[in-house]
Amino acid sequence: MRVWDLTTGEQIGAPGVSHRRWVRAVDTAVIDGTPVSVAGSFHGGLQIRELATNRRVSVISPLQHGPCGGSPPPW
């Protein structure tokens with residue numbers, strides 16, 4: 001995942017590579033005063049990154065048996 005400075009158009013930090021499959025959802029939030037991105041993967045894992053630096057601050061492991069308790073869909 002890449003983070004861009006909206007004022008300059010420059011990429012912030014190196015691309016974040018830690019989701020093993022597709023990123024399915026991305027949102028932004030402010031946690032303890034720090035703007036972050038939250039990205040959800042195909043298998044239900046979440047990755048939180050500081051927007052100012054693109055530094056990964058947290059990873060929440062995917063659910064053991066897919067997002068609905070069963071096998072993940074085949075696509």
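Residue S37 stands opposite R49 of strand β5, and this pair offers a convenient point of entry into the structure, which is a predicted model. S37 itself lies in strand β4. On its other partner strand, T28 stands opposite S37 of β4. Is S37 buried or exposed? With a relative accessible area of 3%, S37 is buried, because residues under 20% are counted in that class. Leaving out residues up to four places away in sequence, S37 touches M1, D27, T28, Q47, I48, R49 and L51. Both residues that stand opposite S37, namely T28 and R49, appear in that list of contacts.

From this residue the view may be widened to the whole chain. The protein has 75 residues, of which 21% count as buried. There are six strands and zero helices, and the succession of elements from the N terminus is accordingly β-β-β-β-β-β. The accessible surface of the protein amounts to about 5400 Å², and carbon and sulfur atoms account for 56% of that surface. Contacts along the chain can also be sorted by separation in sequence: among those between residues at least 6 apart, 27% join residues at least 24 apart.

How are the strands around S37 arranged? Four strands, in the order β3-β4-β5-β6, form an open sheet with antiparallel pairing. The edges of this sheet are β3, covering residues 23-31, and β6, covering residues 56-60; each of these strands pairs on one side only. On average, neighbouring strands of the sheet are turned by 20 degrees against each other, with direction ignored. As a general matter, the strands of a sheet pair through backbone hydrogen bonds, in either a parallel or an antiparallel manner.

The pairings on the two sides of β4 can be taken in turn. Strand β4, residues 34-41, pairs with strand β5, residues 46-50, in the antiparallel sense over five bridges. The pairing of β3 with β4 is likewise antiparallel and extends over eight bridges. β3 and β4 form a hairpin, with two residues between them.

The edge strand β3 supplies two residues that show how this pairing appears at the level of individual contacts. A25 has its place in strand β3. The C-alpha atoms of A25 and A39 are separated by 5.6 Å, although these residues are 14 residues apart along the chain. When residues up to four places away in sequence are not counted, A25 touches V38, A39 and G40. A25 has 46% relative accessibility and counts as partly exposed, since that class lies between the limits of 20% and 50%.

V23 also lies in strand β3. Apart from neighbours within four places in sequence, V23 is in contact with A39, G40 and S41. A39 and G40 are thus among the residues touched by A25 and by V23. V23 is partly exposed, with a relative accessible area of 39%. Its C-alpha atom is separated by 9.4 Å from that of G45, a residue 22 residues apart from V23 along the chain.

The loops contain two residues with a notable backbone angle. D32 is found in the loop between β3 and β4, and its phi is near 50 degrees, a positive value in a residue other than glycine. N54 is found in the loop between β5 and β6; its phi is near 65 degrees, again a positive value in a residue other than glycine. Which of the two classes, buried or exposed, applies to D32? At 79% relative accessibility, D32 counts as exposed, because its value is over 50%. N54, by contrast, is buried, with a relative accessible area of 5%.

A final feature concerns charged side chains. How many salt bridges does the structure hold? The structure holds one salt bridge. The side chains of E50 and R55 meet in a salt bridge, with a distance of 2.9 Å from N to O. R55 is partly exposed, with a relative accessible area of 47%. E50 is the last residue of strand β5, which spans residues 46-50.

Definitions and conventions
Residues are numbered from 1 along each chain as its sequence is written. This is a predicted model: local features need pLDDT of at least 70, side-chain atom pairs count only at pLDDT 80 or more; totals for chains, interfaces and linings use all residues. Side-chain values use heavy atoms; hydrogens and water are left out. Two strands pair if DSSP finds at least two bridges between them. Axes are lines fitted to C-alpha atoms, for helices over the stretch in contact, and angles run from 0 to 180 degrees between N-to-C directions. Buried means under 20% relative accessible area, exposed over 50%, partly exposed in between (1.4 Å probe, protein chains only). Contact means heavy atoms within 4.5 Å. Accessible areas come from the Shrake-Rupley method with a 1.4 Å probe; for residues, only the protein chains shown count as cover. A salt bridge is a side-chain nitrogen of Lys or Arg within 4 Å of a carboxyl oxygen of Asp or Glu.
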